[in-house]
Amino acid sequence: MSSRTLPLLFLGLGGEMLYILDQRLRAQSIPPDKARKVMNDIITTMFNKKFLEELFKPQELYSKKALRTVFDRLAHASIMRLNQASMDKLYDLMTMACKYQVLLCPRPKDLLLVSFNHMDAIKDLVKEAPPILSQVDDTYRQLIEIYTPLSSGEFQLIRQTLLIFFQDMHIRVSIFLKDKVQNSNGRFVLPTSGPVPHGTQVPSLIRLFRCNGEESRRFQFQSGGTYSSALRPGSLEMFGDRVIKLGTNMYSVSRPVETHMSGTSKNSAQNTKVNTTPNPLAKEELNMLARLMGGLEGQKPGSADSGFRVNLFATDEEEEEALMSRPDELSYGVLNIQATKVQPNPNPTDYRLTPDP
Amino acid sequence: LSKMYHKEKSLQIKNSASALYNNLSVLRIAPRSLTYFTVVHANTVSIVSASWDGLNTSHRQLQSKEPNVATSNSLIMQAAWCVLPSRDLLVLTSQKGIQMYESDGSIMVYWHALDTPETATAQAVFARGIAAVRENYICVGEASGGILVFDIPSKGGNITLSEVLEEHKESITDMASECSGSQECIADMVSADDTGTLCVWKSGEEFQLLNKITGFDMSCSSVKLWKGTVVAGYGTGQIRLYEAVTGILHAEVNAHARWIYSLDIAPFSGLLLSAAEDSFVRVWHLTMTPESNTVEISHMYNECVTDTQICGAKFCDGDGYAFGVTGYDLSEIIRYTQS
């Protein structure tokens, strides 16, 4: 539908991935210099000039499969490794967080503010690395240039395109369940209270007019909700208060990141309806992946004793168990791209990770 | 104080509804005591037929023409039944073009391809906004702002493109024809776009623009035309009532806390149904007073569909005795009937 959707989706998913990895690296007490290297390597790859050029071209959204493959590659852009089960869980968390943000955006235009929240956090992560910082700044400028002129209707089209991408995904996320923003059936809570979006009035007033334009009468009706006036709009400049919290890091307080597979939902099979396997990737998708992997060429595979594995689960046993019990309909069908120039680390160090107490 | 409406048994659909404007269409077939419902999910359309005695339902699915499964470039924007004196047709509008089927979805009788560029451009390409007008026209809107007017014969597939109306500069969102059944109304159709501009038309061999009501830079996602009054729903959650031919504003309602996705009118009773992303469906009543040339709107009823962003709401009959509701990610059509 909208040909301007992909950059926002990519930055949203990428942003969430960085929040989660950051939390796991701290939780597993990975040495700060190694952690920083991983984050910098991933961000450098994400903001690779050629890759972003490809990303920002007007185009239809890529398939779920293609996007998952991109993030698989991104996650392995550095000395960190993830097993299949951890990568699956990482991607589940990323997508559900993004779905939540898109769904709960007060106005479609606020999608841009959500992207800026992600960008602000990324910028903060690389503030001590000038080359990457300038890539990030360039991206801000591009976002502002392309998106600020769009109308409310065009933003709604972007949002509708994203909602089709996220359709029928109801994976339960521990943090969302705890915060009561998600129900036990995997559906998000939509409050009928709180501030109305900027530009909207609190529902209650009916005004009637005479033919000459004068108001003749006004009366109120019960809306059934408890709304308050809109907050001020967030800033769409390079720096500024974004006001809305969607897209900010919800993992900054250290909380375990667990998911429950809701494979029993009859609609989870619908995930594959629009993109039925096994179809080859479209030309555009292959192009993008090639650009991405071009960006990876600069990364030298870590030397034998610098690589390590990150676990998205509390223990190795849990990770193994998750791999065995993942329902078929939730598999992402990741492709093995033969053309990769990045070889997996031939001597993966068995860097034993201490399980969470 | 009893509720005006109560919930009935939902109709299950095979796929969940996508977040698209006006994502529910209803066709009442009195001679067969059936009602058809249609809901769009990405590149498919689900048609459910439900017998009035509640005992039988049947399902059919239609796909957009040439669905491309690797990338999502043949998504359906809208599906709606067009009721003409001689026949009913089911119209599907997508990124590729316009498909017209016999009313039960059994046979495709016409296909019109949109001009899709080789490589994607910043401007989206799709058709959206469907209206059956007078005896023999079906009008369909485009993302470019154009409106295609099709001439429909009383039977068969010899459908032709009669003209293209180029008045809107932004994407068409919705269109509606005069639904009161009165022959006296001058205006036959209203079209709405992403800037909230409303165009009022008289049909004919050449459609005539009667009036253009400027928007206020906020998308009008759903529009109806009843007894010469335009009822428009906006992204701000507001509903406005205009006199079609003059553009005089009759009423303004701060109706919803989020983007309105669907409006419908029950022409015999003047009931108005509005539904939005805020989870609420609201029923209003419109009264016309020709002597003073005023139109009034009063609020009748609220229904909250918990944790659901509603994308479609339609009355099932001309009196507004019953209505159906669809929501994003919901695999059912929720039905309500007057108590």
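The paragraphs below go through the contact between the two chains, the salt bridges and the largest pocket of this structure, which is a predicted model.

The place where the chains meet is a useful starting point, and here 65 residues of chain B are in contact with 67 residues of chain A. Putting chain B and chain A together buries an area of about 5200 Å², and carbon and sulfur atoms give 52% of that area. On the polar side of the account, 28 residue pairs are in polar contact between chain B and chain A, counting pairs in which both residues have pLDDT 80 or more. Within chain B, the strands β22 (249-254), β25 (280-289) and β26 (294-304) each supply at least two residues of the side that touches chain A, and β26(B) provides the largest share of that side, with 7 residues. Sorted by class, the side of chain B that touches chain A is made up of 30 nonpolar, 23 polar and 12 charged residues.

Some of the charged residues can be followed further, since 4 salt bridges are found across the interface of chain B and chain A. In one salt bridge between the chains, B:D329 is paired with A:K99, and their closest N and O atoms are 2.6 Å apart. Over all chains, the structure holds 26 salt bridges. An example inside chain A joins A:R141 to A:D138, with 3.5 Å between the closest N and O atoms; because these two residues lie 3 residues apart in helix α7 (residues 130-147) of chain A, about one helical turn separates them.

The last feature is the largest pocket, whose volume is about 1400 Å³. It is lined by 46 residues, of which B:W81, B:V83, B:S177, B:C179 and B:K224 are the closest to its centre. Strands from many parts of the chain B sequence take part, for β3 (25-29), β7 (76-83), β11 (127-133), β15 (172-177), β19 (220-226), β23 (260-266) and β27 (310-315) of chain B each supply at least two residues of the lining. Of the elements that contribute, β7(B) gives the most to the lining of the largest pocket, with 6 residues. By class, the lining of this pocket comprises 25 nonpolar, 10 polar and 11 charged residues.

Note on methods. Residues numbered from 1 in each chain as written. Chains lettered and ligands numbered in written order. Predicted model: local features only at pLDDT ≥ 70, side-chain atom pairs only at ≥ 80, totals over all residues. Heavy atoms only, no water. 1 Å grid on protein atoms, 1.4 Å probe; cavity = no way out; pocket = protein on both sides within 12 Å on 5 of 7 lines; lining within 4 Å. Points joined across faces, edges and corners; volume = space filled by probe spheres on them. Helix = DSSP H or I, 4+ residues; strand = E, 2+ residues; numbered from the N terminus. Nonpolar A, V, L, I, M, F, W, Y, C, P; charged D, E, K, R; others polar. Contact = heavy atoms within 4.5 Å. Buried area = accessible area lost by both parts, 1.4 Å probe. Salt bridge = Lys/Arg side-chain N within 4 Å of Asp/Glu carboxyl O. Polar contact = N/O pair within 3.5 Å; in protein donor to acceptor, adjacent residues only side chain to side chain.
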